[in-house]
Amino acid sequence: MMSAPGTSEKEIWPLWEVFVRASRGISHTHVGSLHAPDASLAVRNARDLYTRRGEGVSVWVVPADAITTSDPDAKGAFFESPAGKNYRHASYYSKSEGVKHL
Amino acid sequence: MTTPAEPYALPTEASVEVSAEEHQFNELIAADSRIEPRDWMPEGYRKTLVRQISQHAHSEIIGMQPEANWITRAPSLKRKAILMAKVQDEAGHGLYLYSAAQTLGTTRDEMTDALIAGKARYSSIFNYPSPTWADMGAIGWLVDGAAICNQVPLCRASYGPYGRAMVRICKEESFHQRQGFEILLELMNGTPAQREMAQDAVNRWYWPALQMFGPPDNDSPNSAQSMAWNIKRFSNDELRQRFVGMCVPQAEVLGVTLPDPDLRYNEETKEYDMGEIDWTEFHEVLAGRGPANARRLQRRREAHEDGAWVREAAAAYARKQAVRSKAVA
């Protein structure tokens, strides 16, 4: 398992990943990263860096090294399960074609 | 007529060893898809991107200086607020780009160290001084205009984080160009002295802006590889030509003259023929011998060194708070 790309112990301020909710009703979306000494300054920096033009109504910051990602080298095998299971999609079922509200 | 080259001169697919990961990389590039941080990538691709993105980031950071020069002397409170917003944007653009480069395994601290040690490059344009208020107009119109021309195709760069950073940047740059145009237009509608000031700024920034697109195609050895990797989408000369084509009608609206006596529309090519660019000047400035190189770098170094105690104090405070909150818990 790996953390988000770019973190380094060598840096004086750690890296934070930033997520912004663009407006009410929408999930927070990853917008990028920044450096900050602690969580409260990371939130302020995120406001200044990623919402200078009203791009958000809420921000999340997460220490980059706290994020666990799937192993990129095993992505084929890791995401194999849905392959060949197209019966999980509505479009698999064709007999109901022409029937309304279905 | 020469006879076409024999096909056996080309390596056949079987003769070149391609690993499974490299094959996947090639497929993604061929499909014009995106490469993401943890994907396998050729060392050359990674190096090219780190160099290009960090140079781009440094350019944004150094690019704050010629304009910051006028913040305290802006002609009105409105102009001052606009200029501060613009310089703040440049800082933001630098940070988006350092973030993108950092996903390739280089830290921002390392990139900053390389810059202040004089080991990294940045756009030659920021090594010119900005002696008059009209320079704020010419920089916005010509320098940001050229930057937009270069950057719009980079929104489709094959490296995901770079393309995404460029999308944000391009959205913000158009404000920069328009505000520069407006400064020049107001000066051109002003007194004879103001008109002269605007024309003088255009005279000084026009050629350096054309040089921002980089050396001519026949002298740009890395371009072909960058285009093959879908990092670059158009050649230096193509982008320069496009920029000139946009500048000419805009200059007419402003009423300024572009300082190129050989500039004329070519009915055959439907493009503007332009005069010879002084590439000696370009290489001199790039080699560190431009009018403001030393000053720009020294200013950046001082800002970094003067801020060291703040960075250290904030880090020490954060460590202390972390220990305390653990003790409470």
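1. A friendly place to start is A:Tyr87, which is partly exposed, with a relative accessible area of 41%. Please keep in mind while reading that this is a predicted model.

2. The ring partner of A:Tyr87 is A:Tyr92, and the two form an edge-to-face aromatic pair, with 6.2 Å centre to centre and 75° between the planes. A:Tyr92 is also partly exposed, at 43% relative accessibility. Over all chains, the structure holds 15 aromatic pairs.

3. Now to chain B, where B:Phe213 and B:Phe243 make a tilted aromatic pair: their centres are 5.4 Å apart and their planes meet at 45°. This pair links distant parts of the chain, the two residues being 30 residues apart. B:Phe213 lies in the loop between α8 (192-211) and α9 (223-228), while B:Phe243 belongs to helix α10 (residues 236-254).

4. Are these two phenylalanines, B:Phe213 and B:Phe243, buried or exposed? B:Phe213 has a relative accessible area of 2% and is therefore buried, since buried means under 20%. B:Phe243 is buried too, with a relative accessible area of 2%.

5. Chain B has an aromatic cluster worth finding in the viewer. Its members are B:Phe25, B:Trp40, B:Tyr45 and B:Trp229.

6. Finally, have a look at two arginines and the rings beneath them. The charged end of B:Arg73 sits over the ring of B:Trp70, at 4.1 Å from the ring's centre. B:Arg168 lies over the face of B:Tyr96, and here the distance to the ring centre is 5.3 Å.

Technical notes
Residues numbered from 1 in each chain as written. Chains lettered and ligands numbered in written order. Predicted model: local features only at pLDDT ≥ 70, side-chain atom pairs only at ≥ 80, totals over all residues. Heavy atoms only, no water. Phe/Tyr/Trp six-rings, centres within 6.5 Å; stacked < 30°, edge-to-face > 60°. Buried < 20%, exposed > 50% of the residue type's maximum accessible area, 1.4 Å probe, protein only. Helix = DSSP H or I, 4+ residues; strand = E, 2+ residues; numbered from the N terminus. Lys NZ or Arg CZ within 6 Å of the ring centre and 35° of its normal.
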